[in-house]
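I opened this model to look up how its sheet is put together. My notes follow in the order I checked things.

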Amino acid sequence: MTPPRILFFGYSEVGHDCLALLLERGDHVIGLITHEDNPNEKIWFKTPAVAARKHAVPIFTPPSVNTPEWIERIGQLAPDLILSVYYRNMISERILQIAPLGAFNLHGSLLPKYRGRAPINWAVLHGEPRIGMTLHRMVKRADAGAIVDQEGVDLEPTDTAEQAFRKALPCARRVLARQIDALLAGTAPESPQDETQATCFGGRTP
């Protein structure tokens with residue numbers, strides 16, 4: 001039996017660690033869609049391209065995946081499951097609907113709080129006592145789909161955003177490890193988000 005085909009969208013160290021998990025397990029990752037490193041950005045983290053190159057996984061860096069050409073190309077790749085981990089751009093519904101097992105995202109907050117950009121930074125700025133990672137189904141609205149699993153860690157009042165990120169980072173791999181077999185089988189549990197508790201923030205600027 002042919003194993004399910006996984007198309008991985010990702011960036012950042014969270015993306016690296018989650019892609020590395022799949023490749024260590026021997027899952028059938030058919031490609032990585034990621035971002036070119038920005039020469040004006042200090043790249044202080046591992047990126048998933050490092051893990052992809054180690055295992056000879058094809059790497060694609062389109063400026064946008066939502067063009068007709070890339071939607072067609074992703075369709076030709078025929079993924080069974082789409083996973084997104086810290087990919088920085090919105091992915092269109094047309095792409096999300098290509099994978100029969102669905103499309104799922106790992107987000108750096110305890111959803112429904114802190115949807116949107118830079119969730120860990122915003123959580124630290126707002127003095128949250130706890131942060132974490134959430135695996136959820138991808139839908140048209142950012143970070144609004146049903147929750148599959150999440151895991152959190154406690155913060156100290158003195159933690160910086162980087163310290164908070166380091167605390168939360170292992171949660172992503174653990175959540176994905178718990179749920180990947182269910183995702184590949186199409187049996188992952190899903191619970192709707194409580195919209196009354198939802199908050200959303202934009203990107204951080206200096």
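In which sense do β4 and β5 pair, and over how many bridges? I find them parallel, joined over four bridges. The model is a predicted one, and I read every entry below with that in mind.

I looked up one position in this pairing: valine 85 has leucine 106 in β5 as its bridge partner.

Next I checked β5 against β7. These two run antiparallel and are joined by four bridges. Here asparagine 105 stands opposite histidine 136 in β7.

I then looked at burial in β5. Five of its five residues are buried, so the strand is largely enclosed by the rest of the structure. In a regular strand, side chains alternate between the two faces of the sheet. I noted Ala103, Asn105 and His107 on one side of β5 and Phe104 and Leu106 on the other, all of them buried, which leaves both faces covered.

I traced the whole sheet after that. It is open, has seven strands with mixed pairing, and follows the order β3-β2-β1-β4-β5-β7-β8. β3 (59-60) and β8 (147-154) are the edge strands; each has a single partner, so one side of each lacks a neighbour in the sheet.

At the β3 edge, I found two bridges pairing β3 with β2 (residues 28-33) in the parallel sense. Leucine 32 has isoleucine 59 in β3 as its bridge partner.

Last, I checked the helices. Helix α1 (residues 12-25) packs on the sheet and touches β1, β2, β4, β5 and β7, with its direction at about 165° to that of β1. Helix α3 (residues 68-77) lies across β1, β2 and β3, at about 145° to β1.

Definitions and conventions:
Residues are numbered from 1 along each chain as its sequence is written. This is a predicted model: local features need pLDDT of at least 70, side-chain atom pairs count only at pLDDT 80 or more; totals for chains, interfaces and linings use all residues. Side-chain values use heavy atoms; hydrogens and water are left out. Two strands pair if DSSP finds at least two bridges between them. Contact means heavy atoms within 4.5 Å. Axes are lines fitted to C-alpha atoms, for helices over the stretch in contact, and angles run from 0 to 180 degrees between N-to-C directions. Buried means under 20% relative accessible area, exposed over 50%, partly exposed in between (1.4 Å probe, protein chains only).
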